[in-house]
Every structure is written in C-alpha cells, then in structure tokens.
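Open the model in your viewer and keep the selection box handy. We will walk through its pockets, cavities, helix pairs and a few unusual backbone spots, one selection at a time.

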Amino acid sequence: MTNNIFKLTFITIAASAVIIVGCKKSFLETSNPNQLTEDKFWKTEADVKSAVASVYSPMRLPLSGYWGAFRGYQDINALGDDVLTIPGGEPSTTQVAYFINDAKNGDIQDIFSKLYSAIYRANLVIENAGKANLDATLTKSYQAEAKFLRGLSYFLLASNFGDVPLKTTVAQSSEDAFIPASPMATVYQQAIKDFTESAGDLPVTRPAGDKGRITQGAVYAFLGKAYLYIKDYGKAESTLAKLLTAPYDYDLVSNFEDNFTDKKEFNKESVLEWVYGPYNSQYSPWNEESGGNAMYNYRPQLTGSPASGGWFKYIPSQFLVKEFKKELRPGGSDTKFDKRMYATLMWKYSDFGETDATWYDNKSFDALWAAAATSIDRFEPIYKNFSEGKFLNKKFTSAWRDANGGDNYWSAVPSTANVEVMRFAEVLLLHAEAALLNNHPDIALQSINRIRQRAGLTTKVAADFPAAADLMNELRHQKLLEFYFEQNRWNDLKRWFPAAADLKAYMASHLKQGADKVESKHYIFPIPAAELQTNNKLTQNPLWK
C-alpha cells in the first residue's frame, strides 16, 4: 500500500525530505537532519518543523501529484470543456482527456499515491509532535497544520476518487495498513473534521519568513468548499462568510494577472499558494524528492507556444472564447473585452478592432500561432474550425515577462511564479453559490458583482435576473472565466450536472474531446490497479467494475 508500514524507514525519509521541497521561504529550507532514526528524532522544534515541512512536499512537487504540472495540472484541466488537449502528447493524459482511462493509468496512480504520502506524513506529525516537549500552544499549531493537510488530501481523494481507505493513525502492522475503502461521504466527513479541529490552533496570518504555510483563512475556505460539495449549503454559506469580514482582510487585487506572476506573490487575494523558486540546481526537476532540487514552476513549459520554448500541450476551446466575448465592456472603456481575457488568452487584437500587442521579446501573435501550427494540425478537422477566431493560452505561461524563450524551463531564468491553490475570488464565488442555493440571491449577487467589477464589467441588479436559474447561470459563467485552467472546471461541472447523460450532452455541445464517452463512472477516477494488487482488502469502485 502507499502508506509504508515501516515507521523507522519513513522517519529517515521525512527527516531528509525537508530539503527536497526546495522552497524559497525559510520554513521549507530547513537543514537536512541527515538520516535520523525515530529514537533520535522528535526531540526539538527543528525536528517537528522539518516533519511538518515534509507533509507539504507531495502536494506541491513541480511535476507530480495533484498540483504537479505533469499530473494534476494536465489531467484535471484536460477533463474540462474549456480547453482542448493537443493530440500526440503523453498517453496517460490523452486517456484522461478523452475519457478512455482505466485503473492502470499512471497519472491517476501518481495522484493517488502522493495524496496518501501526505496523509501518512501528517499522521506522523499528529502522533509524535508532542514528544518534543514544546510549548503546548506551539505543539497544537504544528499538529493543526498537519491535520489541515491531511484533511485537504482526503477532500481531494473524496472529490476525485470517491470511496477510498481512511487512515487517521500511523499503521503499526499490515493489518492496520491494508484496509477496505470507506464510503465517499465518510471521507468527506473526515476532511471536514480535520478542517474544523485545526482552525482554532492556526494563526490568521504568517510572518514573512513563513509565507506559504497554512493559515486559518485557508482552513475556512476549504471547509466551506467541502460543505458545498456535500450540499450543506447553510454551513457552506456561513463558513465562507467568515472570510468576508475581520479579522480577515482578503480582497481582490485590482490587476487580475498579478495572481499568476512572481511580481506580487502573497497578495491580498492569496488565501493559499504553493511556493516555487530556486533551491540548489535549477536543472534537476525529474528527481523531486532528492536533495538539492529546484522548485521552479513547470507550468509555462507545458502551456506555452513553441515560439517561446513551450511544449504547447493545450489550446483554449472555442466555447471558452465565445463565453469571454459574450459581454463587452461599456463604451469608453480602455479595453473592448473583459479585463481577464487579456491575462488569460493571446490573440491578434486587430482582428477584433484593437491595437495589436506583442509577447516574448516583441513576438507577434502570428509568429506564436505559426510556431504552434504543426501541433494544431494534429486535431481532427472539427476542432480546427476556429469560428470564434484564433487564440492561445497566456495564463500560466511566462508571456507576462516579455522575455525571449520565457516558457522554457531550461532557460536562464525559469519561472518562479507561485501556484495559487485558493484565491479570495474563489471564496467569493463559492460563497455566492452557497448563498444562492440557500435561497439568499441578494447575498449571492453581492459576491458576484465584486468579481464582475474587477473584470471591468457593469454592476448587475436583482432585476437583471428574474429567476434564480438566471443568476445561477451568471455565476457559472463567471466561474468559467475567472478560473480557467485552475483545476476547478471539472469538479464544477460534476456538481452542476449530477446526471451523466446531461453532462455528456452539455460537453458535446461545446465540442469537448471524448464527450461521447462520458459515463457515470467518469465522475470519479478508478482506484489504481497497483493499489488493488497491494491491498487485498481493497476492491474497485462498483462503477469501474
């Protein structure tokens, strides 16, 4: 099973793993305790701090795991109808994008195992932090940090895999390690329990040297999200509402693009972000849990045009472009389209009556498109009918740097932009959805309007939405535009279209790759085959049998 039952072995790994995370903030740049065994570990605050740092590692590795560029970022985004996956890339990603994956898919196995690695390390901290005899308040804070990360892992497992094994203690034997799956509802409740219990022992803010660590605001954001996912709309609304008032001072940054560059990290919109940046060698991204690794951001490499050194694995769908163009800004505005569109996409502005822009050291859009044309030609003809015009991704590329070859990981200065895990914008729209489903449309509209105003769109009033369904459609529209490529779209669609037949028809109408294959089983990933082979008490989810 993913969770190694040999505790002494893991202590060795956990102790050394702290240099692996390679983060540019002091908390995650702790010295290597060097192969300490359990009887010598858990003696000092440095030991505890190191172990807590190791819990973060599986979640924010630059290539693998749920937020990794080669795993969750590719696969979770590829499921949505807002993006098209370029044919001919990694088979495992293509399988997911076309809904032809099975239990042997390597990406799914990696996501699953990384989340359980984080859970195991969190359990170690929760059970052993007290041995260091620190101040009680400090011990509780470290344990709460680990407990939140365990809850986050279970939240992701429940929403992506459904029924999974529930482990809340360190296994002492194979009997403890190899257990059957618990129902999805039970797994969600464990996540909620972990979030609830950790909130009171975590700080509202962190000092500069500890930015990137969990705060109380992150806990309430994910707690509210979990309540929304289990349809407890009252608790979702009240929990998320906490973040709209003191002692929290979150707000939307005026420039949407500031959330995706390294210019203004940990800004007022940031609720939780994974920290990226150089540590030792910048050229060793492939062995992520070995000492001296860099934690540069790999997303520009996957997303950018070949003209900028990117591998160009995705192109925005015509459906997304159509939705961006649906509502123009008021006359006299400094841009024709929604402000977010200019930070999200690249296109030839003059095709739509505006002055052309350039990117990557004066490269025109025509040059970027020409460099990507060979990859685009791999699409079936139906996907090359650019009825809304030709568009490329800008979000999560390094186009904002205006540097030649800016998307190339192996360039002189790879991207150090942090990865946003939870933005205040998401809190607002989660809150709006919960409020609307809790029959509070006026409150929902207030949160939606904050998103609209930042995008340069007009403020709406209740009369603009005669029925609750109209306001829900506006919320869904704003969620699509605001969170394109941020690993939200697929889970939103599953929530909004609980019947697979309805989702299938909806996605087919947007020319989603593989939409004709969508079934109920695709609402979750299968339990990986490797896990089933190892754990004889674990059986495949019935939908995948």
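**Stop 1: the largest pocket**

The lining of the largest pocket is a mix of nine nonpolar, five polar and four charged residues. Keep in mind throughout that you are looking at a predicted model. The largest pocket holds about 490 Å³ of space. To find its middle, select Met184, Tyr188, Lys494, Tyr523 and Ile524, which are the closest to the centre among 18 lining residues. Then colour α6, α8 (184-199) and α18 (489-496), the elements that each give two or more residues to this lining. Which of them has the largest share? That is α18, with three residues.

**Stop 2: the second largest pocket**

Next, select Lys211, Thr215, Tyr250, Asn267 and Ser270. These sit closest to the centre of the second largest pocket, out of 19 residues that line it. Its volume is about 350 Å³. If you colour this lining by class, you get seven nonpolar, five polar and seven charged residues.

**Stop 3: the largest cavity**

Now turn to enclosed space. How many cavities of 30 Å³ or more does a search of the whole structure find? There are six, and the largest has about 230 Å³ of space. Select Trp67, Lys225, Val421, Glu486 and Gln487 to reach its centre; they are the closest to it of the 21 lining residues. For context, show α6 (136-161), α9 (216-229) and β8 (419-423), each of which supplies at least two residues of the lining. The residues around this cavity comprise ten nonpolar, five polar and six charged ones. Note that α6 also contributes to the lining of the largest pocket, so keep it on screen for the next stop.

**Stop 4: α5 against α6**

Add α5 (residues 106-128) to the view. The axes of α5 and α6 come within 8 Å and cross at roughly 155°. The two helices are therefore roughly antiparallel to each other, and α5 passes α6 in a left-handed crossing. To see the contact itself, show side chains on both helices:

- On α5, pick Ile108, Ile111, Phe112, Leu115, Tyr116, Ala118, Ile119, Ala122, Asn123, Val125 and Ile126.
- On α6, pick Tyr142, Gln143, Ala146, Lys147, Arg150, Ser153, Tyr154, Leu156, Leu157 and Phe161.

By class, this contact has 16 nonpolar, three polar and two charged residues.

**Stop 5: α17 and its two partners**

Hide those helices and select α15 (residues 424-437) with α17 (residues 468-482). Their axes come within 11 Å and cross at roughly 165°, which makes α15 roughly antiparallel to α17. This crossing, too, is left-handed. From α15, show Ala425, Leu429, Leu430, Ala432, Glu433, Leu436 and Leu437; they meet Ala468, Leu471, Met472, Leu475, Gln478, Lys479 and Glu482 in α17. Ten nonpolar, one polar and three charged residues make up the contact.

Keep α17 and bring in α12 (residues 318-325). How are α12 and α17 arranged, roughly parallel or roughly perpendicular? They pack at an angle of about 115°, with their axes 10 Å apart, which makes α12 roughly perpendicular to α17. The crossing of α12 and α17 is left-handed. Select Phe319, Leu320, Glu323 and Phe324 on α12, then His477, Leu480 and Leu481 on α17, to display the residues that make the contact. By class, five are nonpolar, one is polar and one is charged.

**Stop 6: unusual backbone spots**

For the last stop, switch to a backbone view. Most residues other than glycine have a negative phi, and most peptide bonds are trans. With that in mind, go to the loop between α10 (233-241) and β4 (270-274), where Pro247 is placed. The peptide bond from Ala246 to Pro247 is cis, with omega near 10°. Stay in this loop between α10 and β4 to find Phe266. Phi of Phe266 is positive, near 55°, in a residue that is not glycine.

Finally, move to the loop between α17 and α18 and select Phe485. What is the phi of Phe485? Its value is near 75°, again positive in a residue other than glycine. While you are there, show Glu486 and Gln487 once more, two of the residues closest to the centre of the largest cavity.

Conventions:
Residues are numbered from 1 along each chain as its sequence is written. This is a predicted model: local features need pLDDT of at least 70, side-chain atom pairs count only at pLDDT 80 or more; totals for chains, interfaces and linings use all residues. Side-chain values use heavy atoms; hydrogens and water are left out. On a 1 Å grid over the protein atoms alone, a cavity is a set of points where a 1.4 Å probe fits but cannot get out, and a pocket is an open set with protein on both sides within 12 Å along at least five of seven lines; lining residues have an atom within 4 Å of a point. Grid points are joined across faces, edges and corners, and a volume is the space filled by probe spheres set on the points. Helices (H or I, at least four residues) and strands (E, at least two) are DSSP runs, numbered from the N terminus. Ala, Val, Leu, Ile, Met, Phe, Trp, Tyr, Cys and Pro count as nonpolar, Asp, Glu, Lys and Arg as charged, and the others, Gly among them, as polar. Axes are lines fitted to C-alpha atoms, for helices over the stretch in contact, and angles run from 0 to 180 degrees between N-to-C directions. Angles under 35 degrees count as roughly parallel, over 145 as roughly antiparallel, 65 to 115 as roughly perpendicular and the rest as oblique. A crossing is left-handed if the near helix is turned anticlockwise from the far one by less than a right angle, and right-handed if clockwise. Contact means heavy atoms within 4.5 Å.
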